[in-house]
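Got the viewer open and a selection box ready? Here is a walk through the model, one pick at a time.

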Amino acid sequence: MQAKEVIARRVAQEFHEGYVVNLGIGLPTLVPRYLPAGMHITLQSENGFLGLAPLEGEPLPGVVNAGGQPCGLMPGAAMFDSAMSFALIRGGHVDVTVLGGLQVDEEGNLANWMVPGKMVPGMGGAMDLVTGARKVIVAMEHCTKEGEPRILDRCTLPLTAKGRVAMVVTELAVFRITHGEFVLIEHAPGVSVEDVRARTKARFAVSDELKAINLG
Amino acid sequence: MALDKQVDWSDVGPLFRDGISVMFGGFMGVGTPDGLVSVLRERGTKNLTLIGNDTAAPETGVGPLISDGHVSKVVVSHIGTNPVTGKKMIAGELDVDLVPQGTLAERIRCGGAGLGGVLTPTGVGTVVEEGKAKMVVDGKTFLVELPLRADVAILKAKRADRAGNLVYERAARNFNPIMALAADLVIAEVDEIVEIGEIDPDHVMTPAALVDKIVLTRRL
């Protein structure tokens, strides 16, 4: 199973019936594929609506996702302006946001919006999402393409938000951050705690209830 | 009898001058009035300050204004989809002020709603807080973000009546309604103009009192 599928399958287990969810661009958009049959969630799109759905048929005028790509609308979708959209986000009306990350640290800080001197795309809605969503899940590959750890004792890149990450899901491990404690709660099948430590540059505790990620 | 606010395209050009600040509706170009952007180009305006969500792509939304050097400053949340913006920023030809998207929306709303600013938790503990006042309310830290206004707002709507009541289409609404409050001159490019009374009052998204001029979408 590919890393992205492992991550998406595990993140899907954090969703519950009726949740309002905002998914970042890329890997997070894979998560709905792995929801249990019959579970209903509502996807929020920060450009101004609730009820995002996959595109079916021809693109319709004005119906685009937060990446500007044509998409669909669920029956019962609702459109609104940007102030309302971010009132939902900042005001705690989004149950979960799932975003990619460049770095996460043991204090729950996230860096995912710029690399000084290299990539300055702007934060878009990411800072508001990470600040305001009730639960922030970072879904990312454990290390960079060069094999450098992305989970650090302290982020070195500019932060997106401070102390807001509740969970980190990678293809190797799942960490939970509660009360300032960074805890390994699950590992991928066949991956040992030592394997995780070797690829992680953060101090973490190991849960008494450590178990393998359920990929069923 | 309400004023008929429809104008011809030839009337629009003289409304724009060099050095003005322009709020533009749109998200990746969706909800941006392409005809009004073209007029800003054709008129050869210079040193514009653009305020809006993003700089779209080089050939979409406000992208062409940046590519052709009409703009000296942008206040936006995202430039990553338009490499020209980044290049001009690095070359020192374009001043880029990056603002979190929700903060941008609230600053515009404040500018149009007579508010002196807004307290937001977004950006606390990040580079966004640099140079800003903070306030603690009930033990939680907020940044004081100040209002934004512009000389002109250019909006895109699906339908208007002759008085200027506006209806937007789907996600093309985005920043348009809040910008209608926050500029001295508000011009809407609309796909359809109907008689006064034809839009159900319950369906009006931006009231006519906020809109100064309407112009029928120019098919480019």
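## Starting in chain A: a hairpin

Before clicking anything, keep in mind that this is a predicted model. Now select strands 10 and 11 of chain A: a hairpin links the two through three residues. Strand 11 covers residues 173-178, and its pairing with strand 10 of chain A is antiparallel, held by three bridges. To see the register, show V168(A) and look across to F175(A) in strand 11 of chain A, which stands opposite.

Next, add strand 8 of chain A, residues 135-139. Its pairing with strand 10 of chain A is parallel and runs over four bridges. Here the pair to click is V136(A) and V165(A), with V165(A) being the bridge partner that sits in strand 10 of chain A.

Is strand 10 of chain A enclosed by the rest of the structure, or left open to the outside? Strand 10 spans residues 165-169 of chain A, and four of those five residues are buried, so the strand is largely enclosed by the rest of the structure.

## Helix 2 of chain A, and what covers it

Select residues 82-90 of chain A, which make up helix 2. Colour its buried residues: S82(A), S85(A), F86(A), L88(A), I89(A) and R90(A). What covers them? From chain A, the cover includes strand 1 (20-23), strand 2 (42-45) and helix 3 (126-132). Chain B takes part too, with helix 5, strand 5 and helix 6 included in the cover. While you are here, click G92(A), which follows helix 2 of chain A and has a positive phi, near 80°.

## Across the contact

Now show the contact between the chains, with 30 residues from chain A and 34 residues from chain B. On the chain B side, helix 5 and helix 6 (176-179) each supply at least two residues. Helix 5 of chain B gives the largest share of that side, five residues. Colour the chain B side by residue class and you get 17 nonpolar, 12 polar and five charged.

## Chain B as a whole

Zoom out and select chain B on its own, with its six helices and 11 strands. Its radius of gyration is 18 Å, close to the 17 Å from the globule rule for 220 residues, so chain B is as compact as a globular protein of that length. Along the principal axes, its C-alpha atoms fill a box of roughly 50 × 45 × 25 Å. Of the 220 residues in chain B, 50% are buried. If you like contact maps, take the contacts in chain B between residues at least 6 apart in sequence: 72% of these join residues at least 24 apart.

## A three-strand sheet in chain B

Pick strands 5, 7 and 6 of chain B, in that order across an open, antiparallel sheet. Strand 5 (118-120) and strand 6 (134-137) of chain B are at the edges with a single partner strand each, so one side of each has no neighbour in the sheet. On average, neighbouring strands of this sheet are turned by 40° against each other, direction ignored.

Strand 7 of chain B, residues 140-145, pairs with strand 6 of chain B in the antiparallel sense over four bridges. Click V136(B), then T141(B) in strand 7 of chain B, which stands opposite. Bring back helix 5 of chain B, residues 101-113: this helix packs on the sheet and touches strand 5 and strand 7 of chain B. The direction of helix 5 makes about 165° with that of strand 5 of chain B.

## Parallel strands and the core

Move on to strand 8 of chain B and strand 10 (residues 183-194) of chain B, which run parallel and are joined by 10 bridges. A160(B) has its bridge partner in I193(B) of strand 10 of chain B. Strand 11 (residues 213-216) of chain B also runs parallel to strand 10 of chain B, with four bridges between them; there, V190(B) is partnered with L216(B).

Finally, show the largest nonpolar core, 119 residues in size. The residues with the most contacts inside it are V138(A), M23(B), A153(B), M179(B) and A188(B). Strand 8 of chain B, residues 150-161, gives the most to this core, seven residues. For a last close-up, centre on M23(B): beyond its neighbours within four places in sequence, its contacts include I51(B), I108(B), A153(B) and M179(B).

Methods:
Residues numbered from 1 in each chain as written. Chains lettered and ligands numbered in written order. Predicted model: local features only at pLDDT ≥ 70, side-chain atom pairs only at ≥ 80, totals over all residues. Buried ≥ 20, exposed ≤ 12 C-beta atoms within 10 Å, placed from the backbone. Pairing = 2+ DSSP bridges. Axes fitted to C-alpha atoms, helices over the stretch in contact; angles between N-to-C directions. Contact = placed C-beta atoms within 7 Å. Nonpolar A, V, L, I, M, F, W, Y, C, P; charged D, E, K, R; others polar. Core = buried A, V, L, I, M, F, W, Y, C linked by C-beta atoms within 7 Å. Rg over C-alpha atoms; globule rule 2.2 N^0.38 Å.
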